[in-house]
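Thanks for making the time this morning. Before I start, please bring up the sequence and the model on your screens so that we can go through a few places together.

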Amino acid sequence: MATVRQTVPAEKSGAPVASRDGTQILAPKAQERPTEHAINERFDALLRRVQANRPNEDISLIRKAWEFCVSHHEGQTRLSGDPYIVHPLEVAEVLVEMKLDATAIAAALLHDAVEDTQATSQEIGERFGDQVAHIVEGVTKIDKIQFANREDRQAENVRKMLLAMVSDVRVVLIKLADRLNNMRTLQHLKPDRQEAIARETLDIYAPLAHRLGMGKVRGELEDLAFRYTDPVSFERVAAAVEARRMEGEQFLRSVEDTLVEQLRENGIQARVEWRIKRLYSIYQKIERQNISFDQVYDLLAVRVITQDIASCYAAFGLIHTLWRPVPGRIKDFIAIPRANRYQSLHTTVMSASGHQFEVQIRTEEMHRIAEEGIAAHWKYKASDGTLSARDEERLNWIRQLVEWQKEMTDPNEFLSSLKMDLYPDEVYTFTPKGKVVVVPAGATPVDFAYTIHTEVGHTCVGAKINSRMAPLRTKLRTGDIVEIVTQKDHKPSRDWLTFVKSPRARNKIKHWLNEDQRLRAVEIGRKLLEREARKFKVPMSQIDDRDLGRIANEFGVATAADLLATLGQGKHTAHQVLNKLAPGIASQPETPAETKPGEGGMTDAVRKLHIRGSESLQVEGQNDLLVYRARCCNPIRGEEIVGYVTRGKGVAVHARSCPNVQNLLYESDRRINVEWSRVADGAEGQAPRYPVKIIVICEDRTGMLKELTAVISDQNTDIRGVELRRDEGGEAIIEFVVEAEDMRHLNRMVLGLRRVEGVRRVERTQKV
């Protein structure tokens with residue numbers, strides 16, 4: 001067996017890291033760097049655990065992978081100074097906790113070999129087999145292709161992973177284990193990289209773990225990322241939890257003792273666990289419901305794990321005899337599982353002392369699935385890694401995800417829709433025959449229709465909700481019985497894009513609209529060509545689609561239909577096409593009068609002028625177009641932006657995060673790349689400043705306004721306006737309109753305001 005030959009001196013690190021259970025707040029003590037002997041001992045321990053989990057497993061593949069890994073990563077170190085070999089070993093250890101097979105663990109050890117060493121995919125396949133090679137290839141990032149920006153690269157890496165996990169979900173399990181280990185050691189990176197990786201973790205990887213039902217991994221990823229994406233809020237929530245920890249744990253132990261005794265007396269076989277809610281979950285609840293920490297009533301939770309479903313309901317009844325249930329807080333996810341197959345009974349009860357706490361009741365099997373998700377039932381009994389019918393059903397959503405994402409070309413649109421589909425707030429509705437249909441919160445009958453079938457969505461003309469006709473814009477609620485009214489030959493409406501919520505519905509509608517728009521463009525293009533041919537007395541009988549197809553590539557398209565579509569969209573003129581088809585007849589120059597609005601290129605759709613106040617914006621590759629900041633979001637320098645050609649007004653520039661962007665960009669031909677200019681052209685050589693509205697929700701106390709304005713003044717900026725009001729709870733809501741140079745300047749102001757004692761929340765609103 002190969003051994004690690006590198007020893008690195010110890011290095012202290014005082015950076016705080018969240019604990020595995022999401023509850024530890026203090027930084028861990030500095031540890032000595034692992035020695036060669038310690039690393040080899042850890043690998044031997046890993047082999048023993050694999051044999052304990054799977055006694056019949058052939059571990060020789062893991063040994064071979066370890067030897068290859070040690071050999072190829074020799075001399076490499078991580079930014080922490082540890083030997084690089086520690087990283088793949090720790091990723092493999094996470095998979096051993098999931099009780100995965102030797103193939104998955106070997107692939108975990110090799111997952112960085114192709115990306116970071118001289119090893120190739122072909123070499124991996126020859127040495128370890130096609131399965132290992134396929135998994136490693138699926139995990140390896142795309143780094144051989146040049147992308148225009150970070151979003152394109154991120155989108156393509158996620159697409160690649162999704163496509164690979166359809167055929168083998170071990171790809172995403174290794175990817176999640178890899179990200180988990182990277183997050184545990186994130187303190188060694190630079191602050192900008194910490195925030196970027198943590199943000200990606202919250203946006204993609206934690207939701208993906210949630211969608212796969214892996215509650216344990218998801219929870220740790222969220223808490224680790226929370227520390228870096230919003231350190232002020234993290235410290236505030238952590239301090240509040242720590243202040244109540246001792247009292248909470250004492251109370252939960254008393255509840256545990258009572259429950260264990262009562263379950264035994266009533267003949268219900270079960271075990272009891274308890275926990276304090278995770279930090280990021282607390283923060284999300286405070287933000288989502290606009291409440292204070294004291295109003296988080298499920299901070300404390302007890303879990304009852306039984307032997308069978310009948311015992312779940314028996315324990316449920318017993319708990320309601322011991323403590324008074326809180327109305328509206330009972331949920332039965334056993335009868336109606338969540339989309340990720342999570343099952344449990346939830347109820348919130350009130351103790352005699354006034355403590356509210358949540359109780360979750362589930363079977364051992366349900367508990368395993370809730371904690372480990374897809375990994376809990378990913379059994380490789382066949383040598384080819386085939387799945388049972390039940391496991392295939394659990395992966396159907398991934399196949400649907402891959403199906404609709406293939407139709408998307410814009411990486412930002414793809415990632416935005418992916419986030420919505422991975423982490424939806426769910427509403428449970430029913431068909432008239434009692435089938436459960438899960439749709440996102442805020443979904444409408446149109447979303448419901450597309451969830452049933454694409455054609456049902458396309459032909460939807462109305463809906464009955466609970467046997468009464470309702471507008472298609474109506475928001476569905478859990479428990480609604482929905483019946484869709486269809487009409488043959490009816491087509492989707494563009495207006496539907498303004499209210500549908502599900503990515504599936506939105507993308508099916510966009511796809512149909514784009515196809516319909518293209519067919520219309522082809523028809524218009526053919527008519528324009530016919531008119532131009534009549535003008536020069538060229539018989540259309542002499543021009544067929546084969547002739548058009550022959551010259552199509554000269555206009556940058558592939559087929560005759562594509563060429564006609566570009567004519568209809570105004571990207572080329574009929575005269576240009578006819579001149580290619582019949583150069584001897586139609587060689588006269590085109591007169592200016594023949595160019596009609598909409599027939600020129602996109603750059604002709606806007607006046608070639610600059611306007612005051614937009615000097616810091618420019619169209620990518622152009623510097624003579626009318627460009628202006630959209631009023632709905634008022635983007636500022638440093639924000640990610642997107643341009644949209646408006647008819648007769650120029651290029652409107654929106655922030656990527658603007659809620660209107662998704663509705664505006666269904667016409668992809670009107671989308672245009674924009675960028676912040678490299679040199680600011682403000683007055684007297686200073687960078688231009690942008691008005692930004694900041695809302696501060698805080699305690700209503702003497703001196704608060706003075707402290708807040710002092711923080712803003714310290715950032716060398718002006719306050720254009722201030723408005724004060726109070727909410728129903730007696731807290732102050734203060735709206736500042738300040739001047740910001742860029743996102744960094746704004747973020748410094750926001751962080752400073754959050755640190756003021758008594759400030760509950762600080763947020764920027766896009767409208768000024």
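I will talk about one sheet and then about some aromatic pairs, keeping in mind that this is a predicted model.

Let me begin with the sheet, which is open and has four strands in the order 13-15-14-16, with mixed pairing. Strand 13, residues 627–629, and strand 16, residues 671–672, stand at the edges with a single partner strand each, so one side of each has no neighbour in the sheet. Strand 16 runs antiparallel to strand 14, residues 641–646, and two bridges join them; if you look at Y644, you will find R671 of strand 16 opposite.

Now to the rings, where a search of the whole structure finds ten aromatic pairs. One of them is F43 with W66, a stacked pair with 4.5 Å from centre to centre and 10 degrees between the planes. This pair links distant parts of the chain, since F43 lies in helix 1 (residues 36–53) and W66 in helix 2 (residues 60–72), 23 residues apart, and both F43 and W66 are buried.

How, by contrast, are the rings of F226 and Y280 arranged? Their centres are 5.4 Å apart and their planes are at 65 degrees, so this pair is edge-to-face. Here too distant parts of the chain are linked, with F226 in helix 11 (residues 215–229) and Y280 in helix 13 (residues 279–289), 54 residues apart. F226 is buried at a relative accessible area of 0%, and Y280, at 12%, is buried as well. Finally, ring pairs link F226 and Y280 with F234 and Y283 into a cluster.

Conventions: Residues are numbered from 1 along each chain as its sequence is written. This is a predicted model: local features need pLDDT of at least 70, side-chain atom pairs count only at pLDDT 80 or more; totals for chains, interfaces and linings use all residues. Side-chain values use heavy atoms; hydrogens and water are left out. Two strands pair if DSSP finds at least two bridges between them. Rings of Phe, Tyr and Trp (its six-membered ring) pair if their centres lie within 6.5 Å; planes under 30 degrees apart count as stacked, over 60 as edge-to-face and the rest as tilted. Buried means under 20% relative accessible area, exposed over 50%, partly exposed in between (1.4 Å probe, protein chains only).
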